[in-house]
Amino acid sequence: MHRTVRFIALLATMSLTAPGLAGAQLSGNQIAPQPPIDIPTLGPTAFDPADAKAASARSFRPRPGPPRRLAGPPSSVSSRVKSGETIVTEPFAYNRTAVLTNEVTGHTLLVMGLKIPAGSPGFYAGQFGTGPGRMVNTWCFVPPPSKGRFKPTCLMLYSDEAAVVPRVVNGYAFSRFGIPSSGRMDYANSPTFVEQPVEIPGDLRLDYRLRRWTKTSVEVEIWANGEIADVDVAAKGPDGRALLQTLSGAYWLSQPADDPKAALVETST
């Protein structure tokens, strides 16, 4: 039988170190561990195989809620950017962090190599699902680095097992994901963990980079830990401007007359 996930409040100071993390080189901007913020969530959800089948070719989207928060002043905002250039960079911290207290392994043929050791740090990524009543708490845990890179493994926490989140380009920051066309997802034993302040390894900065303009919107790439994580699509308004929402605030983007592929950036007041 798989163990039911339990959320345990931290009552005393606790220190667990993931195997292989001690002494590892951490890249870029390190954010000091901060106390988790209490965000109300749904309890564990009973697993229904029909969920994955019904969701075949759909994407899972999160219930609104802030998994991350600004952890320092953002960089100076660029007033004009070209495709691929950074609009603003923001250091961030996760609102809820934890330490894994059991080993998580995959138990299907497709994820035979999945292994997250006890002691691995983790963070709350949000609630994902295909609609009301199907939202599932999702946590990501960071095992020891593979080929020098930290790659979180994200798990949807059902009451008797965990579904491995598929097709996530970058676990540090994502807002949606798709499932295989077969509707089949990979599974692992349920993680147990203690919520506490813990350092998440990696470069915890969000870079917002101009991707391109379309007839109706602007696309902005969101990078985290030095890799692309998500794409934000902001619709154009009647005046042709698009509003980009970030952790540090909102910014108006518009197309300059001399280069419609670029963007002028203004802080929203």
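How many bridges join E4 to strand E21 (residues 263-267), and in which sense do the two run? Two bridges join them, and the strands run antiparallel. One residue pair shows the register: valine 81 stands opposite alanine 263 in E21. Strands here are DSSP runs (E, at least two residues), as helices are (H or I, at least four residues), all numbered from the N terminus; two strands pair if DSSP finds at least two bridges between them. The pairing of E4 and E21 belongs to an open sheet of four strands in the order E4-E21-E20-E19, with antiparallel pairing. Strand E4 (80-81) and strand E19 (242-246) are the edge strands, each pairing on one side only.

A word on the model itself. It is a predicted one, where local features need pLDDT of at least 70 and side-chain atom pairs count only at pLDDT 80 or more, while totals for chains, interfaces and linings use all residues. Residues are numbered from 1 along each chain as its sequence is written, and side-chain values use heavy atoms, with hydrogens and water left out.

Taken as a whole, the chain's secondary structure comes to one helix and 21 strands. Of its 269 residues, 47% count as buried, where buried means under 20% relative accessible area, exposed over 50% and partly exposed in between (1.4 Å probe, protein chains only). The chain exposes about 13,200 Å², and carbon and sulfur atoms supply 54% of that; the areas come from the Shrake-Rupley method with a 1.4 Å probe, and for residues only the protein chains shown count as cover. Among contacts (heavy atoms within 4.5 Å) between residues at least 6 apart in sequence, 64% join residues at least 24 apart.

Back in the open sheet, strand E20 (residues 249-254) holds serine 254. At 13% relative accessibility, serine 254 counts as buried. Setting aside residues up to four places away in sequence, serine 254 touches Trp213, Arg241, Ala262, Ala263 and Leu264. Ala263 is the residue that valine 81 stands opposite.

Strand E10 (residues 136-141) is worth a longer look. It is mostly covered, with six of its six residues buried. In a regular strand the side chains alternate between the two faces of the sheet. In E10, Val136, Thr138 and Cys140 point one way, Asn137, Trp139 and Phe141 the other, and all are buried. E10 has a partner in strand E9 (residues 121-129), joined to it by six bridges and running antiparallel; here tyrosine 124 has tryptophan 139 as its bridge partner. E10 also pairs with strand E11 (residues 153-157), in the antiparallel sense over four bridges, and phenylalanine 141 stands opposite threonine 153 in E11.

E10 and E11 also share a covalent link. By the rule used here (a pair of cysteine sulfur atoms within 2.5 Å), the count comes to one disulfide. It is formed by cysteine 140 and cysteine 154, with their sulfur atoms 2.1 Å apart. Cysteine 140 lies in strand E10 and cysteine 154 in strand E11, so the pair links distant parts of the chain, 14 residues apart. The link is right-handed, with 105° about the S-S bond, and both cysteines are buried.

The aromatic residues of E10 reach elsewhere. Rings of Phe, Tyr and Trp (its six-membered ring) pair if their centres lie within 6.5 Å; planes under 30 degrees apart count as stacked, over 60 as edge-to-face and the rest as tilted. The count comes to 10 aromatic pairs. For tryptophan 139 and phenylalanine 193 the ring centres are 4.7 Å apart and the planes at 40°, so the pair is tilted. This pair links distant parts of the chain, strand E10 and strand E15 (residues 193-195), with the two positions 54 residues apart in sequence. Tryptophan 139 counts as buried at 0% relative accessibility, and phenylalanine 193 is buried with a relative accessible area of 0%. Phenylalanine 141 forms a tilted pair with phenylalanine 193 too, at 5.6 Å centre to centre and 55° between the planes. Away from these pairs, Phe92, Tyr94, Phe123 and Tyr172 are linked into a cluster by ring pairs.Tyr172 turns up again in the largest nonpolar core, a set of 44 residues in which Met156, Tyr172, Ile200 and Leu253 have the most contacts. Such a core is a set of buried Ala, Val, Leu, Ile, Met, Phe, Trp, Tyr and Cys residues joined through side-chain atoms within 4.5 Å.
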